[in-house]
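Let's take a friendly walk through this structure, one step at a time. Please have a look at the sequence and the model first.

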Amino acid sequence: MTGSGSVLFRRLIESALRAFLTIGGVVIATFFILHIVPGDPVLMILGEHASSTAVQALRVTLGLDRPMLEQFTAFLIGIFRHADAGYSLVYRVPSNELVLSRLPVTGALVLLSTLFTTIAVCVFATVAALNEGKATDHIIRTLSTLGAAMPVFWLAIILITLFSVNLRWFPVGGIGRHGFLNSLILPAVTATIVTAPVLVRSLRAQLLEVINAEFVTMLRTNGLSTSRIMIRHILPNAAIPTLILLGINISGMLGGSIILERVFALPGIGSLLFDAIAKRDFPLTQTIALFSAVGVVVVSLLTDIAVRILDPRVRLAQ
């Protein structure tokens, strides 16, 4: 194996080990935190006026009467065998089936938000960088500051009022007769407005640094057009720090879609997590945490691969 190949292989092993530790840490922490938080899932299922006999019977049925260590062992066995923490206490079906049934909505929302964010960041950052110090640059920077300061739930309500209630371009909420994709556009735009500002500022700063580099001046003297220099040389060199930041934001979307899904009444994983926590559904919450951890790890690995493609020198970095 060559020197560069051995370095790359070692980096892949390190990434896999970090992924395993991350997923394991999230799953274990979720199990114990849920058992520490006050509240009895049995009483939430049966109601506060249920008889002690019924409560004890259900506790035995759900395995909640067993010692904590025994519950934890059964939990780990279920995770490693089935990628599932067990049957949902509330819905009484395998937790992974519930999560997988909600995954398309959350996945599509994250992908659409990422697409909108990527386009917006590239366009606005490039325009701002090419017009440094001009009115256009100041307007974009001001809008970025305003977008970053807006609370997600407040912005979502404003957009619903304007585009759904008044203009009737998009559904108020849910996945209705307007179509699956059309129902996700407004939530994705909301996520873009909140996510893009920091990325725009980051990419703008990197673009300005690369634009003033000596190799760009040489390319201009060789007669290359501004658009070709920007697309083929400046953007790839400037995008690496912003790409890493984008990966972090996508990971945040995977775990933070709960607000958007509740406001827009989307039947995704975020809404399911909200109900699972509220009803103290341990297995379902733990399964969602497992899937979310896997999603974050996958996004991290994909980001790392994208960085290596844009900058081959990273492959040899120690």
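Helices here are DSSP runs of H or I with at least four residues, and they are numbered from the N terminus. With that in mind, arginine 204 can be placed in helix α8. We will come back to this residue once the surroundings are clear. Keep in mind as we go that this is a predicted model.

Let's begin with the whole protein. It has 13 helices and zero strands, so its pattern along the sequence is written with α alone, from start to end: α-α-α-α-α-α-α-α-α-α-α-α-α. The protein has 318 residues, of which 39% count as buried. If we take the contacts between residues at least 6 apart in sequence, 73% of them join residues at least 24 apart.

Now let's turn to helix α8, which covers residues 180-211. One of its partners is helix α6, residues 135-149. The two pack at an angle of about 140°, and their axes are 7 Å apart. Angles over 145 degrees would count as roughly antiparallel, and α6 and α8 are therefore oblique to each other. Their crossing is left-handed. On the α6 side, the contact involves Asp137, Ile140, Arg141, Ser144, Thr145, Gly147 and Ala148; on the α8 side, the residues are Ile193, Val194, Pro197, Val200, Arg201 and Arg204. Sorted by character, the residues of this contact comprise six nonpolar, three polar and four charged.

Helix α7, residues 152-166, also packs against α8. Here the angle is about 135° and the axes lie 10 Å apart, and α7 and α8 are therefore oblique to each other as well. The crossing of α7 and α8 is right-handed. From α7 come Val152, Leu155, Ala156, Leu159, Ile160, Phe163 and Ser164, and they meet Leu186, Val189, Thr190, Ile193 and Val194 of α8. The residues of this contact divide into ten nonpolar and two polar, with no charged residue. Ile193 and Val194 appear in the contact with α7, and they are also listed in the contact with α6.

Phe163 deserves another look. Which residue forms an aromatic pair with phenylalanine 163? The structure holds one aromatic pair, and the partner in it is tryptophan 169. The ring centres are 5.7 Å apart, with 40° between the planes, and the pair is tilted. Phenylalanine 163 counts as partly exposed because its relative accessibility is 22%, while tryptophan 169, at 52%, counts as exposed.

Back to arginine 204, as promised. Is arginine 204 buried or exposed? Its relative accessible area is 12%, so arginine 204 is buried. Leaving out residues up to four places away in sequence, arginine 204 touches Ala125, Ala128, Ala129, Glu132, Asp137 and Arg141. Asp137 and Arg141 are among the α6 residues that meet α8. Alanine 238 lies 34 residues away from arginine 204 along the chain, and the C-alpha atoms of the two are separated by 8.7 Å.

Our last stop is threonine 126, in helix α5, which spans residues 95-130. Threonine 126 has a relative accessible area of 13% and is therefore buried. Apart from neighbours within four places in sequence, threonine 126 is in contact with Val121, Leu207, Met230 and Leu235.

Note on methods: Residues numbered from 1 in each chain as written. Predicted model: local features only at pLDDT ≥ 70, side-chain atom pairs only at ≥ 80, totals over all residues. Heavy atoms only, no water. Axes fitted to C-alpha atoms, helices over the stretch in contact; angles between N-to-C directions. Parallel < 35°, antiparallel > 145°, perpendicular 65-115°, else oblique. Left-handed = near helix turned anticlockwise from the far one by under 90°. Contact = heavy atoms within 4.5 Å. Nonpolar A, V, L, I, M, F, W, Y, C, P; charged D, E, K, R; others polar. Phe/Tyr/Trp six-rings, centres within 6.5 Å; stacked < 30°, edge-to-face > 60°. Buried < 20%, exposed > 50% of the residue type's maximum accessible area, 1.4 Å probe, protein only.
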